[in-house]
Amino acid sequence: MRILVAFGTRPEIIKLGPVCQALQRRKDIDLSVFWSGQHIELAAGLLQLFEIDVTRNGSDVMREPGLASKFGRMTQEIDEELRSRRYEWLVVQGDTATAAAAATAGFLNHVKVAHVEAGLRTGRMYSPWPEEFNRRVVTLSSALHFAPTANARDNLLKEGVPAAQVLTVGNTVVDALIHVRKKVSHGYRPIDPAVAALPSDKKLVLATLHRRENIGAPIRRVLMALRELGQDGDKLIVLPVHLNPDVRAEVLRILGDVTNVRLLEPLQYPDFVHLLSRAWAVVSDSGGVQEEAPTFGLQVLITRDTTERPEVIDAGLGRLVGSDFDAIVEGVRRLTASDSPQLRFGNNPFGQGDASEQIADALIASRIANPFGRGDASEQIADALIASRVASKPALATSSPAPNCYRLT
Ligand code: UDP
C-alpha cells in the first residue's frame with residue numbers, strides 16, 4: 001500500500017513524526033513524505049529526531065506574499081506529487097495551510113485523505129484564524145478521520161460525517177512526547193546553551209505566544225503581565241520567542257531587559273520538552289502546548305478567548321484567560337504559591353501514546369471504497385451521452401428527476 005504523508009509546520013512534524021515511524025515499521029506500506037517548507041527554521045532537528053526521510057520538498061513557499069498565494073503554491077506542488085505516482089492514502093494533520101492545501105489536492109485527485117487530529121472546532125470561523133477554516137476544509141476532503149478525543153468525534157458526527165469513517169485514537173502528540181521524554185530524562189544536556197544556563201533556584205514559568213489574532217493590544221497585555229510576574233522575584237519567566245516579526249517586535253519592546261525574564265530563540269523540541277518537565281506553570285496560546293501539558297501534570301493559562309481543546313479545561317488543567325492582565329498575574333501566582341509545583345496527574349484526555357499505531361493499523365485495514373469512484377467516470381459519461389434517449393427539450397420536472405439523472409460509480 002502506497003501512502004503519502006504531507007506536512008509543513010513544526011507542530012505537524014511533531015505530530016506526524018510518530019505516525020511516519022509507525023508506518024515505516026509496517027512491511028506492507030510504501031511510505032513517501034512531502035514537506036511543504038511552511039516552517040523551515042522552526043523545524044530544525046525534528047526530521048532527524050523522528051528519523052523521517054523527506055521524499056519531496058516544496059519550493060520556497062514562504063516567499064509567496066499572502067496566505068492565498070501560499071495555499072495556491074502548495075496545492076500545485078502536492079498536486080504534482082499526487083500525479084507522479086498512484087497513492088492509496090494521503091495523510092495530513094491538523095489545521096494548517098499545508099494540511100488544507102494537501103487535502104484539497106488529494107480530493108481533487110481522487111486520492112483518499114486521512115486526517116489526523118480531526119474534529120477540533122471552536123465554532124467561530126475567525127478564532128483561531130485561519131485554522132478553523134482550514135480544519136473544516138480538511139474534514140470535507142477526508143475519507144477517514146482520526147479524532148483525538150470523544151468530543152472531537154462528536155463534532156464530526158454533528159456535521160454529518162458517517163460514524164464508520166471516524167476513529168477515536170488519542171492525540172499523536174502524546175506518542176511524540178513519550179518518544180522524546182526518554183531522551184530528555186535524567187542527565188539531559190540541552191541543545192541550546194541558553195537553556196543549559198537557566199538558573200534552577202527559581203520557579204519556572206514557561207510561556208509561548210504566537211497566535212495571529214493576539215497580535216496588537218492583546219499580546220501587549222499578556223507581555224505586561226509576564227513583566228509584572230518577573231518582578232515577584234521567586235519566579236523565572238522563560239519565553240522562547242516565535243519568529244513572527246510582529247510578535248518579536250512586541251516581545252523585545254516590553255520584555256527586552258526585564259529582571260527574571262529570559263527570552264530565548266525558538267527551542268528545538270527536546271529542549272522545549274525538557275523545560276516542560278521542569279515547569280511549575282505554563283502561559284500559552286499554543287494548541288500543541290495545551291495538549292502536552294497534561295503529560296506533565298501541568299496547568300496552562302490559555303491566553304485565548306476560545307479553545308478547541310475543551311478537554312484541557314474539563315480535566316482541570318487549563319483556564320481561558322484571554323489577554324486579561326489580572327487573570328494571568330493572579331493565575332500564575334496561585335500556581336506558584338507553594339513550595340513545590342502543583343502538578344495534577346490523572347487520565348490524560350489525549351490518550352496513552354498509542355495513537356500512531358492505531359492509525360497505521362486502520363490504514364492497513366481500510367476497506368473504504370474510494371468515494372469518488374474507480375477512475376472510469378468519463379467513460380461512463382461518454383457512454384451515457386451516446387446512448388442517451390433523453391428528449392432534446394425535456395418537460396420541466398415537477399417531481400422526481402430520476403430519468404435525467406445518471407449515477408456514476
Ligand atoms: N515547541 C517547540 N519549541 C518552542 C516552542 C514550542 O518545539 O520553542 C513545540 C511545542 O512543544 C508544541 C509545538 O511546538 O509541540 C507547538 O507549536 P506552535 O505553538 O507553533 O503551534 P500550535 O500548536 O499552536 O499549532
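## Overall fold and domains of a predicted chain

The secondary structure of the chain comes to 16 helices and 13 strands, where helices (H or I, at least four residues) and strands (E, at least two) are DSSP runs numbered from the N terminus. This is a predicted model, in which local features need pLDDT of at least 70 and side-chain atom pairs count only at pLDDT 80 or more, while totals for chains, interfaces and linings use all residues. Residues are numbered from 1 along each chain as its sequence is written.

With 409 residues, a compact globule would have a radius of gyration near 22 Å, and the chain, at 24 Å, agrees with this; the radius is taken over C-alpha atoms, and the globule rule is 2.2 Å times the number of residues to the power 0.38. Along the principal axes, the C-alpha atoms of the chain fill a box of roughly 85 × 50 × 40 Å. Buried residues, those with 20 or more other C-beta atoms (placed from the backbone) within 10 Å of their own, make up 47% of the 409 residues.

An automatic or database domain assignment gives the domain bounds, and the centres of domain 1 and domain 2, taken over C-alpha atoms, are separated by 27 Å. The table lists the residues that each domain brings to their contact, which requires C-beta atoms, placed from the backbone, within 7 Å.

| Domain | Bounds | Residues in the contact |
|---|---|---|
| domain 1 | 2-169 + 354-365 | 17 residues |
| domain 2 | 186-335 | 13 residues |

On the side of domain 1 that touches domain 2, α1 (10-24) and α2 (46-49) each supply at least two residues.

Methods:
Contact = placed C-beta atoms within 7 Å. Buried ≥ 20, exposed ≤ 12 C-beta atoms within 10 Å, placed from the backbone.
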